[in-house]
Amino acid sequence: MKTLLTKEFIFEFSAYGNIDELEWDEKVVEQRRQATGDDFEEDIKSAFSLIDKDADGVITTSDIYQLMMGLGEMMTDEEIAEFIKTADLDNDGQINYRGRN
């Protein structure tokens, strides 16, 4: 199995100083995909469905709240909204698989 973050990969980004967060995320996902092969997509779908408790195809504030409560962690409404905002690619207030429904 390939190493997820190779020294060359980290050096490529650290040499430039400021790293665009979205570009970094995309590169890390690509490295993960290369390291794990075909199972990666299935792993992502499984993780998404575990959080999407009502199986409506989106992760909402309610889903995050239930997840965190199940883990014994309390988050404020503002923290949950900020959490969703970081992964809400189409700005609809929820997380869709791959940014769309």
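Here is a friendly conversation about a predicted model of one protein chain.

Biologist: Let's start with the layout; how many helices and strands are there in the chain?

Modeller: There are 5 helices and 2 strands, and along the sequence they follow the pattern α-α-α-β-α-α-β.

Biologist: And what share of the 101 residues is buried?

Modeller: Buried residues make up 20% of the chain. The chain exposes about 7,600 Å², and carbon and sulfur atoms supply 53% of that area.

Biologist: Which residues make up the largest nonpolar core?

Modeller: That core has 8 residues: F48, I59, I64, M68, M75, I80, I84 and I95. Two elements, α4 (61-70) and α5 (77-87), each give two or more residues to this core.

Biologist: What makes such a set a nonpolar core?

Modeller: Its members have to be buried residues of the nonpolar kinds, joined through side-chain atoms within 4.5 Å. Leaving aside residues up to four places away in sequence, F48 touches G57, V58, I59, I95, N96 and Y97.

Biologist: Why is T60 called buried?

Modeller: The relative accessible area of T60 is 17%, and buried means under 20%, so T60 qualifies. T60 sits in the loop between β1 (58-59) and α4. Its contacts, not counting residues up to four places away in sequence, are I84 and Q94.

Biologist: Then why is L67 called partly exposed?

Modeller: L67 has a relative accessible area of 28%. Buried needs under 20% and exposed needs over 50%, so L67 falls in between and counts as partly exposed. L67 belongs to helix α4. Its C-alpha is 9.1 Å from that of D52, with their positions 15 residues apart in sequence.

Biologist: Since you mention D52, what is said about its burial and salt bridges?

Modeller: D52 is buried yet has no salt bridge.

Biologist: How do you know that D52 has no salt bridge?

Modeller: A salt bridge calls for a side-chain nitrogen of Lys or Arg within 4 Å of a carboxyl oxygen of Asp or Glu. For D52, the nearest side chain of opposite charge is K53, 9.6 Å away, so the cut-off is not met. D52 is in the loop between α3 (39-51) and β1, and it touches G57, V58, I59 and D63 when residues up to four places away in sequence are not counted.

Biologist: Which residues form a nonpolar patch on the surface?

Modeller: Y65, M69 and M74 form one, with about 320 Å² of accessible area together.

Biologist: What makes M69 open enough for a patch?

Modeller: Patch residues need over 30% relative accessible area. M69 has 37%, so it passes that cut-off while still counting as partly exposed. M69 is found in helix α4.

Biologist: Now the backbone: what is notable about phi of A55?

Modeller: A55 has a positive phi of about 55 degrees although it is not a glycine. A55 lies in the loop between α3 and β1.

Biologist: Is A55 buried or exposed?

Modeller: Exposed means over 50% relative accessible area; A55 has 65%, so it counts as exposed.

Biologist: And why is N91 called exposed?

Modeller: N91 has a relative accessible area of 66%, and the cut-off is over 50%, so N91 is exposed. Phi of N91 is also positive, near 55 degrees, in a residue other than glycine. N91 lies in the loop between α5 and β2 (95-96).

Methods:
Residues are numbered from 1 along each chain as its sequence is written. This is a predicted model: local features need pLDDT of at least 70, side-chain atom pairs count only at pLDDT 80 or more; totals for chains, interfaces and linings use all residues. Side-chain values use heavy atoms; hydrogens and water are left out. Buried means under 20% relative accessible area, exposed over 50%, partly exposed in between (1.4 Å probe, protein chains only). Helices (H or I, at least four residues) and strands (E, at least two) are DSSP runs, numbered from the N terminus. Contact means heavy atoms within 4.5 Å. Accessible areas come from the Shrake-Rupley method with a 1.4 Å probe; for residues, only the protein chains shown count as cover. Patches are made of residues with over 30% relative accessible area and no salt bridge: like charges are joined within 9 Å, nonpolar side chains (Val, Leu, Ile, Met, Phe, Trp, Tyr) within 5 Å. Lys and Arg count as positive and Asp and Glu as negative; His and the chain ends are not counted.
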